[in-house]
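Student: I am new to this structure. Please take me through it in questions and answers.

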Amino acid sequence: MLIQAAVDRALAARAAAAAADAAAAAAADADAALAEIADDINAGRAALLKLVECLGPVLTHTDPFRREAGVALLAAVLARTTKERISTQSATVLAQFLLSRLDDQPSVEPALNGLLAMLDLGVLSKTEQINIPTRIFAELNVQTFQQSVRNTVFRIFVKLFDANLPGLQKLGAEFVLGFIHVMDGEKDPRNLILAFRLAQLITRHLDFQKHAEDLFEVVFCYFPITFRPLPNDPFGVTADDLRTELCAVVSSTKAFAPYAVPVLLEKATSDSASAKRDAMEAVAACAPVYGGDAFLPHISDFWTAMRNEMINAADTANELAALKAIRELAKALSITVAAPHTRATPLESFLSLLIQDCLQNLADPALKFAKPSGKIMMSAASASEPACSFVISKTLPVILGAIASDSAPSKRKTLCDVLGDFIVANRLVYGQPKPGGDLDVNGSPILKQRDRLFELFVGNALTDSYVPLKLSSLRALQDMLLTPRLLRPNEEKVVLELLLSWLLAEPDTNTHEAALEAAPIIAGAKPALAMEVIVSACLESLPHRLAQQQPAPIRGALLACEALSKVSALRAHIVTSLVGVFNTTLSLHALDLEAAQKSATALLDALQTILVAAEASHDDGPHPTADVAALIQSLVATTVHAAQSRAAAMGDSFVQLVALNVATMTRMLTDAEQTSLLAALRTMDTGVAPVWDSPAPVDATFAYLFAAVLSNSLPEADLPIGTFGAFADASIIRAVESGSALFSLATAKSIASVVNKRHGQQGIDTFVEHFVQTHLQGVLLDKAAGADRRRSVLLIYSWIAKAFAIQSDKRGFEMASQILALLADEQLGAAAAEGLGTIISDDAHGALTKAAHANIKLLFKQRFYNHCLPAVAAGFRDASDAQKTAYLFALSHLLRNVPKGVLLNELPKVSRAQANFQLRYRLLTANLAKLLPMLLHSLSIPEASLKLGTLGTLQLMVREAPKLVAEQISTIVPLLLSMSMFANASNGNDPRVRVAALEILGQIMLSVEYTALHPFKPRVTRELIPALDDPKRVVRKAAANTRSIWFMPAPTV
């Protein structure tokens, strides 16, 4: 009785769901009833046959829709039933019943769903499984049903291939013919994907020879694919998906060759570019399967079609398809047996046609057909050893003779490109190990002409004045070097010496750029030789170039080091050598400090580029053989000694650049290595005592470099600082008393890092509670303490607040509130704004970042922005004119560092149907309207960084809330025009600001309703004229683009 009640409720709910009213609620009720029935059956409280008995009156009802509902309920329950609850007898009865329903058209779809569910459960016998396709073929004209029914039929067939392949093989031709009738006329792309996959299974596993032509025709009628999915297609079937599956079917069996080859030739010579591309891709896929003999009767016509496509290619894709087809045809013909009494093999016949046409085109290398001809011969030559030998032996002497007799550099360059292509083809064929693991290069046709080719390319690269020819020769020499066993050792050395001469030449030239591109490739293939010839020479040239203070040669050598360091085997030596050159340069007394720092800065920039690239590639740092910790100690010692000897001239920016390199290298160490490094720095003989020893004089340089190591160490690293509270108290007191901004920053980063990562230290919470929240806040609020002292304390206070805020600790937000209150302070307003920027921004030197292993919670920037924005907006409204600037800078820091989508992400979650323009506008306006007065006011402050942050937010508003911008357009347009003028550059309108203002002006015309902008059109087009003569090209370009937009406005969206 319980199951009867559930059945009645499910049927009633399904009937209600079919009605227009309360359909969703009824569907939910039906689903709940289904779940209840399935749970009862799975728990053993009811049997499936009992369910059939309860459904009896419905299943035999005279109303076809009632019958359909009953079968659908049964199928849905089957889909939720476990295999153990369906006995063999029950499965047989249910299968017979569902198959009998196939002659009742309304019940066909649920019956098929039930059969598919039983196949998925694996409860049917092999005989019962085979009865399913037999009854489908006998009872159903599948193509007369809707898509869902046809899709279910195809899914049943796929399942049968998995579950009962021997049974299908027994059906054989009967199944193939039935499948052909089922597929014939199918148009839905989802079903075609399944049908194409089924056709592949048929050709792979079943005997289809009797119906091969019919199967081919029912599949190939879709060639070429012209399907275009609708925008935002929810099903995700693309034309490429269909094209790939169709091509896989056509190329799945040689039995299709007699029918496919003539049709492919017809498509390859059609007027449709896409049809030709699909045909050539199909030829490339079919050639290995069909064999060369299938294409041989039509080979001349295929060659003509592919040649024409190469010469008149519609796009690159067609050209690549033609080249691949040529290669695959040549490969297939390489193993095709020649007919009796023929002088040439099939491969030679095809290649002779190809070579004859290509050499005719190469007779005049200036023509546009010459370059495609070289690609064609390369593609054919790379197909197989016979093809490579035939093409190169027939054409190489001719091309070499043409080069010798032609004096025009451009023509010689074209022919050298072809020779380079031959070398690549030769490497593809002869440069790969054989199955036994050995290389067989003795048969290489290039090897026989090695000396002539090497002499030609070296001569061109060394002596020819035509740069494109020099570059072509270098590429050819590179390919010769990369071909195993082609060049002799002395010849390889000549190539590297040539590369070295280009690397050490004037930078920013075509030859230098080409050398930089080739260097890591060649060095990666020949690392030992590159170390001997190139790396050593580049590094040895650096001290002399640095001593001569020649910027261009210095830059060229350093760029070469950066390029070569991409090879991991060379990186350790390069990094170690650059550190050594840095130490020597900074220690030279013959140079003045300014010159020494300038050279050392160039070295540090190059070193940082190498280290960052190594870190991003997840390599083992410079290299496992490099003593990274020793390099860090060397950098620290040299910099500290130089700062001591020339303390007045050593700039903070230089020390920070050294620290950036130190930080990057520290991150490459393990926690144990970092612990040892910190201990070594603690006892390093630098001439000063460590920062935490109070009797010692302050050494800001050492303190900042030590902080770089500490703040980039892993949380597991042990710190040699003793008790944290004592270390922090002493360091802060000395930082405040020192008056050194660099020492204060070093102290702030060190303490903040420990507070955030802990490092196993005790007493952190006590320190924060008693020292930070009492002593530091007391100094901040005490105006009598002096501006410099308060600013030092605020810097440290801000970094400690950052340590808490980035891990979403409430203490960080409480400390931020204290900083917000200081925005109105006359002494600390600007510093407080910088403090907020410190908290929300990512430190450029790596402290408290993910890379530095800091504890950072997701979305902390959004939380911090939401915490600060109301206070900044309220403070701005109540502030005096003198105080407003600090609030504007604070807002700028918040807007510049928070993710740009945060304002949009704050919007309430709405359904896709609700997300119309009006709703988005109302919700967005509520978030942005309160900012607009502050934003517009900040544009009048003569500070470039403030304006840039504001303009970024204004651009978002123009794009997302154009109506809000339109309400203030009379204020916004004059401000943007003023900022775009070079005459107003002294008001903080640097080139970045001018470009941003001009771009927003253009965006306004594209986004805001034209009716609001029409009154400003004459003024904008007139006042933008001076911007067209701006000294900076990037500004002139932006002005021209914006002015053209205002002259001919496009319709707003």
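Student: What distance separates the end C-alpha atoms of helix α26, and why is it expected?

Tutor: This is a predicted model, in which local features need pLDDT of at least 70, side-chain atom pairs count only at pLDDT 80 or more, and totals for chains, interfaces and linings use all residues. Residues are numbered from 1 along each chain as its sequence is written, and side-chain values use heavy atoms, without hydrogens and water. Helices (H or I, at least four residues) and strands (E, at least two) are DSSP runs numbered from the N terminus, and the expected span of a helix is 1.5 Å times one less than its number of residues. Helix α26 holds 15 residues (489-503) and so should span 21 Å, which agrees with the distance between its end C-alpha atoms, 21 Å.

Student: Which helices do the buried residues of α26 pack against?

Tutor: Buried means under 20% relative accessible area, exposed over 50%, and partly exposed in between (1.4 Å probe, protein chains only). In α26 the buried residues are E491, E492, V495, L496, L498, L499, L500, W502 and L503. Taking contact as heavy atoms within 4.5 Å, these buried residues pack against α24, α25, α27, α28 and α29.

Student: How many residues of α41 are buried?

Tutor: Helix α41 runs over residues 829-840 and reaches 17 Å from first to last C-alpha, close to the 16 Å expected. Its buried residues include G829, A832, L836 and I840, and what covers them includes α39, α40, α42 and α43. The helix is mostly covered, with a buried count of 9 of its 12 residues.

Student: How many helices and strands does the chain have?

Tutor: Of the 1053 residues of the chain, 53% count as buried. Among contacts with a separation of 6 or more, 73% join residues 24 or more positions apart. The secondary structure comes to 53 helices and 0 strands.

Student: Which residues does L198 touch, beyond those up to four places away in sequence?

Tutor: L198 is in helix α11 (residues 189-205), and it counts as buried because its relative accessibility is 1%. R155 is 43 residues from L198 along the chain, yet their C-alpha atoms are separated by 9.3 Å. Leaving out residues up to four places away, L198 touches F154, F157, V158, F161 and F179.

Student: Is T253 buried or exposed?

Tutor: T253 lies in the loop between α13 and α14. A polar atom of its side chain is 3.1 Å from the backbone nitrogen of A255, and beyond its neighbours within four places T253 is in contact with T203, F208, V289 and Y290. Its relative accessibility is 10%, so T253 counts as buried.

Student: How many disulfides are there?

Tutor: A disulfide is a pair of cysteine sulfur atoms within 2.5 Å. By this rule the count is 0 disulfides.

Student: What is the cysteine sulfur nearest to that of C286?

Tutor: C286 counts as buried because its relative accessibility is 0%. C286 is in no disulfide, and at 5.9 Å the nearest cysteine sulfur is that of C247.

Student: What is the mean pLDDT of the chain?

Tutor: pLDDT is the predictor's confidence in each residue, from 0 to 100. In this chain 88% of residues reach 70 or more, and the mean pLDDT is 84.

Student: How many contacts does the stretch of residues 905-921 have beyond near neighbours in sequence?

Tutor: Where pLDDT is low, the predicted coordinates should not be read in detail. Over residues 905-921 the pLDDT is below 50, and the contacts of this stretch beyond near neighbours in sequence number 18.

Terms used: A polar contact is a pair of N or O atoms within 3.5 Å; within protein, one must be able to donate a hydrogen and the other to accept it, and residues adjacent in sequence count only if both atoms are side-chain atoms.
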